[in-house]
Amino acid sequence: MGTEAHRQLVRYLFAHTLVMRIEADTEADNIAEQRALEKAGFTREGVRRSVVFRDGRWRDGVKYSILRDDIDADASRD
């Protein structure tokens, strides 16, 4: 999806909904997606072992989140 796309989606959801938390998951092997999420402000919460079965084997996943307060804190620093 890319860092900028993640940022835009997060801004949109926080601006147009009442959600407090947005979650994202990716496979542990998907380093590029993990980097993009972190650059977009998401916090890595942990690894979920054997969470998805794909291509004949169980794979670990990584859980990320971003809170409305995280965005508000960034805006107040500008």
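**Entry 1. S50 and D55**

I looked up S50 to begin with, and its relative accessibility is 42%, so S50 counts as partly exposed. The model is a predicted one, and I read every value below with that in mind. S50 belongs to strand β2, which covers residues 43-54. I then checked the backbone: phi of S50 is near 45°, a positive value in a residue other than glycine. Most residues other than glycine have a negative phi, and I therefore marked this residue in my notes.

I searched for further positive phi values and noted D55, which is not a glycine and has a phi of about 55°. D55 lies in the loop between β2 and β3. Its relative accessibility is 62%, so D55 counts as exposed.

**Entry 2. The chain as a whole**

I next recorded the overall layout. The protein chain has 3 helices and 3 strands. Along the sequence, I read the pattern α-β-α-β-β-α. The C-alpha atoms fill a box of roughly 45 × 20 × 20 Å along the principal axes.

I also looked up burial for the chain. Of the 78 residues, 27% are buried. For contacts between residues at least 6 apart in sequence, I found that 56% join residues at least 24 apart.

**Entry 3. The largest nonpolar core**

Which residues make up the largest nonpolar core? I listed 10 residues: V10, F14, I22, A24, L37, A40, F42, V62, Y64 and I66. I then asked which elements give two or more residues to this core. They are α1 (3-16), β1 (21-27) and β3 (57-67). Of the elements, β3 gives the most, with 3 residues.

**Entry 4. V62**

I followed one core member, V62, in more detail. V62 sits in strand β3. Its relative accessible area is 1%, which makes V62 buried, the limit being under 20%. Leaving aside neighbours within four places in sequence, I found V62 in contact with A24, D25, T26, A28, Q34, R44, G46 and V47. One of these partners, A24, is also listed in the core.

For a distance across the model, I took V62 and H16. These two residues are 46 residues apart along the chain, and their C-alpha atoms are separated by 27 Å.

**Entry 5. T26**

I turned to T26, a partner of V62. T26 is part of strand β1. Its relative accessible area is 10%, so T26 is buried. The C-alpha atoms of T26 and V62 are separated by 5.4 Å, although the two residues are 36 residues apart along the chain.

I listed the contacts of T26 beyond four places in sequence: E33, Q34, L37, D60, G61, V62 and Y64. Among them, L37, V62 and Y64 belong to the largest nonpolar core.

**Entry 6. Helices α1 and α2**

At what angle do α1 and α2 pack? I noted about 45°, with the axes 8 Å apart; α2 covers residues 31-39. That angle makes α1 oblique to α2. The crossing of the two helices is right-handed.

I then looked up which residues meet. From α1 these are T3, H6 and R7, and from α2 they are E33, A36, L37 and K39. By class, this contact has 2 nonpolar, 2 polar and 3 charged residues.

I examined T3 of helix α1 separately. T3 is buried, because its relative accessible area is 17% and the limit is under 20%. Not counting residues up to four places away in sequence, T3 touches A36, K39 and A40. Of these partners, A36 and K39 are in α2, and A40 is listed in the largest nonpolar core.

**Entry 7. M20**

My last entry concerns M20. Where is M20 found? I located M20 in the loop between α1 and β1. Its relative accessible area is 41%, so M20 is partly exposed.

Leaving aside neighbours within four places in sequence, I found M20 in contact with F14, I66, L67, R68 and D69. Among these, F14 and I66 are members of the largest nonpolar core. I also noted the separation of M20 from G46: 26 residues in sequence and 19 Å in space, C-alpha to C-alpha. G46 appears in my notes as a contact of V62 as well.

Conventions
Residues are numbered from 1 along each chain as its sequence is written. This is a predicted model: local features need pLDDT of at least 70, side-chain atom pairs count only at pLDDT 80 or more; totals for chains, interfaces and linings use all residues. Side-chain values use heavy atoms; hydrogens and water are left out. A nonpolar core is a set of buried Ala, Val, Leu, Ile, Met, Phe, Trp, Tyr and Cys residues joined through side-chain atoms within 4.5 Å. Buried means under 20% relative accessible area, exposed over 50%, partly exposed in between (1.4 Å probe, protein chains only). Helices (H or I, at least four residues) and strands (E, at least two) are DSSP runs, numbered from the N terminus. Contact means heavy atoms within 4.5 Å. Axes are lines fitted to C-alpha atoms, for helices over the stretch in contact, and angles run from 0 to 180 degrees between N-to-C directions. Angles under 35 degrees count as roughly parallel, over 145 as roughly antiparallel, 65 to 115 as roughly perpendicular and the rest as oblique. A crossing is left-handed if the near helix is turned anticlockwise from the far one by less than a right angle, and right-handed if clockwise. Ala, Val, Leu, Ile, Met, Phe, Trp, Tyr, Cys and Pro count as nonpolar, Asp, Glu, Lys and Arg as charged, and the others, Gly among them, as polar.
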